[in-house]
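Visitor: I would like to learn how to read a model such as this one, feature by feature. Where should we begin?

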Amino acid sequence: MSIFYDQQNNIFHLQTHHTSYQMKVDSYGFLLHLYYGNRTEQQADQFLVYRDRGFSSNPCDVGEDRTYSMDVLPQEFPCLGTGDYRNAAFVLQQADGSWGCDFRYVSHTIKKGKYSLEGLPAVYASDKEADTLEIVLKDVSKDWEVTLLYGVLPEVDVITRSAIFRNHSPEQVIVEKAAACLDFVTGDFDVITFHGRHAMERNRERSRVGHYAHVIGSRRGTSSHQYNPMMILAAADTNEDQGQCYAMTFVYSGGFEGSVEKDQMNQTRMLLGLQPQQLRYPVAAGESFVVPEVILSFSNSGLNQLSHQLHQCIRSHVCRGRYQSVVRPVLVNSWEACYFDIDAQKLYGLAKEAADLGIDMLVMDDGWFGKRDDDNSGLGDWYVNEEKLGMPLQELIGQVNAAGLKFGIWFEPEMVSEDSELYRKHPDWAFTIPGRKPVRGRNQLVLDFSRKEVVDHVYEQLCRILDHNHIEYIKWDMNRSISDVYSHVAGEQGRVLYDYVLGLYEFLERLHENYPNILLEGCSGGGGRFDAGMLYYTPQIWCSDNTDAIDRLRIQYGTSFGYPVSAVGTHVSAVPNHQTGRSTPLQTRGVVAMAGTFGYELDLTKLSTEDKVSIKEQVAQYKELAPLILNGRYYRLSDPYTDDIAAWQILSGNQQEVLFYAVQLETHGNMPPVYVRLKGLREGVTYKDTRTGQRYPSDLLMNIGLPLSSATQEYQSYQMKFVMV
Ligand code: GLA
């Protein structure tokens with residue numbers, strides 16, 4: 001058991017292999033946070049400090065004791081209304097329009113196994129791998145209840161949090177904010193966040209936490225390109241290899257808000273939860289509201305270790321299905337090869353070339369359905385445009401299969417074009433505000449997935465295609481931010497964005513259950529919805545619409561802080577690159593794309609003979625190394641923002657095998673030698689370069705570093721495999 005309750009002192013102690021998390025029910029019934037960090041066997045309650053603080057209010061039941069204030073005490077579930085003026089984790093508006101709630105401890109249960117959440121994705125684990133703590137809190141004056149859920153996964157050093165609010169009172173209340181909270185009474189921290197834009201996602205940014213709110217989030221209805229719903233709080237001296245750091249990862253794909261703020265007593269509060277703007281969720285008498293899950297993890301040995309914990313959690317306890325831990329098919333996607341200009345002949349041409357090169361699957365991207373020759377029409381009409389394709393889909397798939405390839409297809413189920421049969425028939429199924437002209441994005445509107453009949457209709461359209469064709473992969477796309485949030489059936493519009501995400505998840509769950517053999521890849525204009533919520537349904541996500549190998553180095557570097565290589569969709573594309581105009585060697589493009597699920601996104605029929613030979617080798621090499629690439633331990637070896645080189649390494653669990661990759665970002669005359677230090681190797685042994693046979697003492701590889709040969713061309717890449725001898 002990893003959850004302990006000290007009845008005498010009312011202390012809960014959650015333990016993973018290397019971490020401890022403690023909280024206490026105090027004499028007033030408040031649930032105070034005590035500690036999160038290195039594993040300890042001691043209890044931290046004596047470290048709470050009580051002083052009279054001016055302008056920090058006191059709950060009524062503490063009487064004259066002005067040293068007791070929720071404004072300064074560390075808490076598990078800080079609500080607006082108890083006299084805590086810091087950023088609240090939970091805000092409730094009651095029927096009379098006032099805000100206020102005051103939840104106190106009632107009871108708790110400790111269970112084997114990991115809780116799950118109705119309608120929402122959540123970390124899963126067997127009864128042997130996890131335990132659950134449920135703490136029930138009740139409002140002091142209203143019949144409202146909150147169950148705080150804690151999942152403890154000792155082996156992965158992960159603790160998850162969620163909460164369920166239940167309204168047992170006769171009146172409806174409104175949830176205006178819901179998040180998970182981590183309070184720290186000491187510490188000087190930096191916050192590391194991942195910001196970006198379309199085609200340039202997850203740029204790492206590290207800032208000092210000060211006496212101001214550092215807020216990230218998305219108001220777009222999706223987790224967004226602009227900020228990833230993952231944050232790291234790191235001690236100021238923490239780096240990749242040493243120091244303390246904490247992660248919070250949201251298992252949710254809609255709007256979110258994350259914040260870090262130092263309070264008046266230099267204490268730090270970190271929150272991650274639902275985006276409060278446009279959230280007003282009505283909870284009627286007898287109803288409940290589920291707060292999406294947050295994954296917490298702590299590392300005492302730097303950021304690489306923290307990432308390993310998150311990777312393992314997502315790979316083994318978030319991703320599901322037949323493809324969860326197997327090598328995914330190497331694919332060729334038609335998008336950058338043909339864009340909208342596809343037909344059966346071209347697709348078959350790609351497939352034939354692909355077969356010669358050892359590629360496993362052809363993916364027919366956008367342009368095959370309805371009236372769809374550009375991005376101005378057709379979305380919502382999910383029937384095959386046989387006239388454009390030149391033959392029935394079944395026949396094309398038959399040919400592709402006969403050539404030895406699997407067949408995959410692109411859908412964008414959440415969207416509708418105004419120029420579509422679906423929109424003409426059901427204009428009220430799109431988000432539009434009565435009396436206003438809607439804001440368009442990519443010239444399309446968003447379907448109201450908070451409505452069951454809309455989800456059902458699109459689902460049935462997809463089934464008609466899937467049931468009659470041998471399709472083995474779906475790319476699920478979503479190509480605009482949501483606006484004009486108005487559901488023509490919902491009363492309270494503040495529920496719509498949350499219900500939309502539930503509708504999306506329900507759709508994906510149906511696909512997952514009814515088509516277990518289809519591999520799903522998530523996508524939202526590339527990596528605009530790259531989050532742990534989507535990864536519960538789609539074990540891989542197209543990382544970015546930017547396929548330029550050099551830009552990808554930073555995008556994939558940022559992504560690697562929170563997400564495993566097995567989740568990252570990566571393809572080799574043509575040069576000059578379509579997004580940046582940059583030319584890079586084919587080998588470099590291959591090296592970069594190998595840090596992911598691998599594939600090609602170019603016209604294979606236009607390749608030179610020389611490139612075909614290289615691609616054949618790349619594909620064979622990827623297939624040989626993929627089990628290690630996808631399941632090994634990924635280490636960042638350099639910082640592509642400051643170093644001339646981008647380098648990373650993948651280590652097998654038993655430390656026997658190491659894959660080393662690097663790309664030279666800058667080349668100059670008379671270059672000083674570049675050494676890259678390897679990490680995590682077994683000490684005191686020798687590793688051999690499998691190609692040259694050269695032997696290296698492991699300690700020196702880790703302390704001096706691997707000397708790289710000088711670059712002879714721009715963006716030269718390095719790729720080596722070492723085995724322990
Ligand atoms: C998005 C995706 C691309 C491609 C296009 C098709 O931008 O990210 O990979 O599928 O849509 O319209």
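**Strands first, then the ligand**

Guide: Let us begin with a strand pair, bearing in mind that this is a predicted model: strand β3, residues 19–25, and β4 pair in the antiparallel sense, and seven bridges join them.

Visitor: Which residue of β4 is the bridge partner of T19?

Guide: A bridge links one residue on each strand, and here the partner of T19 is N38 in β4.

Visitor: What is the order of the strands in the open sheet?

Guide: To read a sheet, one follows the pairing from strand to strand, and in this case four strands run in the order β1-β2-β3-β4 with antiparallel pairing. The edges are formed by β1 (3–6) and β4 (31–38), each of which pairs on one side only. From one strand to the next, the twist averages 15 degrees.

Visitor: Turning to the ligand, how many residues surround it, and which are the closest?

Guide: The ligand is surrounded by 13 residues, and the closest are D365, D366, K475, G526 and D545. Sorted by class, the shell has six charged, four nonpolar and three polar residues.

Visitor: Where do polar side-chain atoms of D365 and D545 lie relative to the ligand?

Guide: For such contacts, one looks at N and O pairs within 3.5 Å. A polar side-chain atom of D365 lies 2.6 Å from an oxygen atom of the ligand, the side chain of D366 has an N or O atom 2.6 Å from a ligand oxygen, and for D545 the distance from a polar side-chain atom to an oxygen atom of the ligand is 2.4 Å. Taken alone, the ligand exposes 300 Å², of which the protein buries 97%.

Definitions and conventions: Residues are numbered from 1 along each chain as its sequence is written. This is a predicted model: local features need pLDDT of at least 70, side-chain atom pairs count only at pLDDT 80 or more; totals for chains, interfaces and linings use all residues. Side-chain values use heavy atoms; hydrogens and water are left out. A residue is near a molecule or strand if one of its heavy atoms lies within 4 Å of it. A polar contact is a pair of N or O atoms within 3.5 Å; within protein, one must be able to donate a hydrogen and the other to accept it, and residues adjacent in sequence count only if both atoms are side-chain atoms. Accessible areas come from the Shrake-Rupley method with a 1.4 Å probe; for residues, only the protein chains shown count as cover. Ala, Val, Leu, Ile, Met, Phe, Trp, Tyr, Cys and Pro count as nonpolar, Asp, Glu, Lys and Arg as charged, and the others, Gly among them, as polar. Two strands pair if DSSP finds at least two bridges between them. Helices (H or I, at least four residues) and strands (E, at least two) are DSSP runs, numbered from the N terminus. Axes are lines fitted to C-alpha atoms, for helices over the stretch in contact, and angles run from 0 to 180 degrees between N-to-C directions.
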